[in-house]
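Please look at the structure shown here with its aromatic rings and its nonpolar core in mind. The briefing that follows takes the charges over rings, then the ring pairs, then the core.

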Amino acid sequence: MPPVPVQVPAQVVDEGSGRKAAVRAALLDWYDVHRRTLAWRPGPGGGRPDPYRVWLSEVMLQQTTTPHATPCFLTFTARWPTVSDLAAAGDAEVMAAWAGLGYYARARNLLACARAVAGQHGGVFPDTEAGLLALPGVGAYTAAAVAAIAFGRPANVVDGNVERVMARLFAVETPLPGAKPELKRLAATLVGDDRPGDWAQALMDLGATVCRPGRPLCERCPLTSWCAGFQSGRPERYPLKTKKADRPRRHGVAWVLRDADGHVALVRRPEKGLLGGMLGLPTSDWTVTPAGAAPPAPASWRDAGAVEHVFTHFALTLEVRAGEGGGDFLWTPVEEALASLPTVFRKALERGLA
C-alpha cells in the first residue's frame, strides 16, 4: 500500500517573495559560517573562482564523491593548470589521468570542451549559460553551475543534493525521478540576483552535510522554520523514490598475461563503446550468459578467480585467467598498468597478480 501523504500547513510551503527573502538570508548566513573548504574553491574573501577549476570540478563531481574527486582534481590542475594546458595534452595522457573516475566518454568530452575554449575563445570560458551550453560536452547543469559560481549569474543549479533539499523543504509527494522537473521549478523560485554563486554552493553544502540522505541533521539546519518536511515530523521520508529495476548481469573473461620481464599485456579498447579509447586487459565479449572464449595468446593459463564490478546499467562478473607468454600487445610495467587502468581492469589485474 502506498504511503499516505503527510498533510503540511500551507504557510510552510508558501513560495511568496517575503518567505523567499527569509530563506535566502538564513541559508547564506549559515553558509558564511559553515561553508566547506574544497580544493576548487577560493577561501573566504579570496575573490571569484577560476572558471576552469569550477568547470573541471563539476565534471568530476558528476562522476564521483568529493573525497574521491579531490585527489584527481589536484592531479589534473598540477599537471594542466589552465584550460589551454589541458587542451594541448594528448588524448592518452588525459584518459590515463581520468582512470578510476568512470564514464570515459566524459573524459573525451572534457578534452573536446577544453580545445574549443582554447581554440575558439582564446582560452577564456564564455560567461553566460547560453555560451557555456554551446561548448561540446557541457550540459544544462554544468552550464548553470559555472555561470553561477564562476561568473555570478543568477542561474538555477540543481544537483542531487539540491533536489533532496527541495523535496524536503516543500514536502514533494511525487517520487523521483518523475519529480525532477517539479524540484527544478521549486529551486528556481529561490534563485536571486544577490550572491548567486554562494547560493548555489550553500544549497549543495546544506545537502551534503546537513540535509543528508537517510537521517538529516535537522537540529543543525537553518531552514527548519520553513521546511515542510521537518514540520511533517518525517523529513527522512523525502525525497520519495520509485523502486529501481534490478541491474542485468553480464559475464566475461579477462586475461592477465605477463612476459619474461614481468610486464603486463594491455590493449587499446575501440574508441566507440564502454571504456572507449582506454587501455585495458585483453577480454572476451561481456555477454548476458557465461561462454567459453579463446585466449588472446598461447600460454599455460590458470584460473585466478573472478572480480565483480557495477556499471550504471549492468553488473559484471569478470573471470580472471593468468599466464606467461608473449605476443603483439602493449607491454607495460605492472606499477604503470595499475596506475593507468580503469577500475574494473585494475581489479582484474590485482586478482591475476595475486
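A charge is taken to sit over a ring if NZ of Lys or CZ of Arg is within 6 Å of the ring centre and within 35 degrees of the ring normal. The model is predicted, so local features need pLDDT of at least 70 and side-chain atom pairs count only at pLDDT 80 or more, while totals for chains, interfaces and linings use all residues. Residues are numbered from 1 along each chain as its sequence is written, and side-chain values use heavy atoms, with hydrogens and water left out.

**Charges over rings**
- The charged end of arginine 24 lies over the ring of tryptophan 199, 4.8 Å from its centre.
- Over the ring of phenylalanine 314 sits the charged end of arginine 250, 4.1 Å from the ring centre.

**Aromatic rings**
- The whole structure holds 9 aromatic pairs (rings of Phe, Tyr and Trp, the last by its six-membered ring, with centres within 6.5 Å; planes under 30 degrees apart count as stacked, over 60 as edge-to-face and the rest as tilted).
- Phenylalanine 329 and tryptophan 331 have ring centres 5.7 Å apart and planes at 90 degrees, so this pair is edge-to-face.
- One aromatic cluster is formed by Trp286, Phe311, Phe314 and Phe345.

**Nonpolar core**
- The largest nonpolar core (buried Ala, Val, Leu, Ile, Met, Phe, Trp, Tyr and Cys residues joined through side-chain atoms within 4.5 Å, buried meaning under 20% relative accessible area with a 1.4 Å probe, protein chains only) has 109 residues, of which Trp55, Phe76 and Met166 touch the most other members.

Conventions. Buried < 20%, exposed > 50% of the residue type's maximum accessible area, 1.4 Å probe, protein only.
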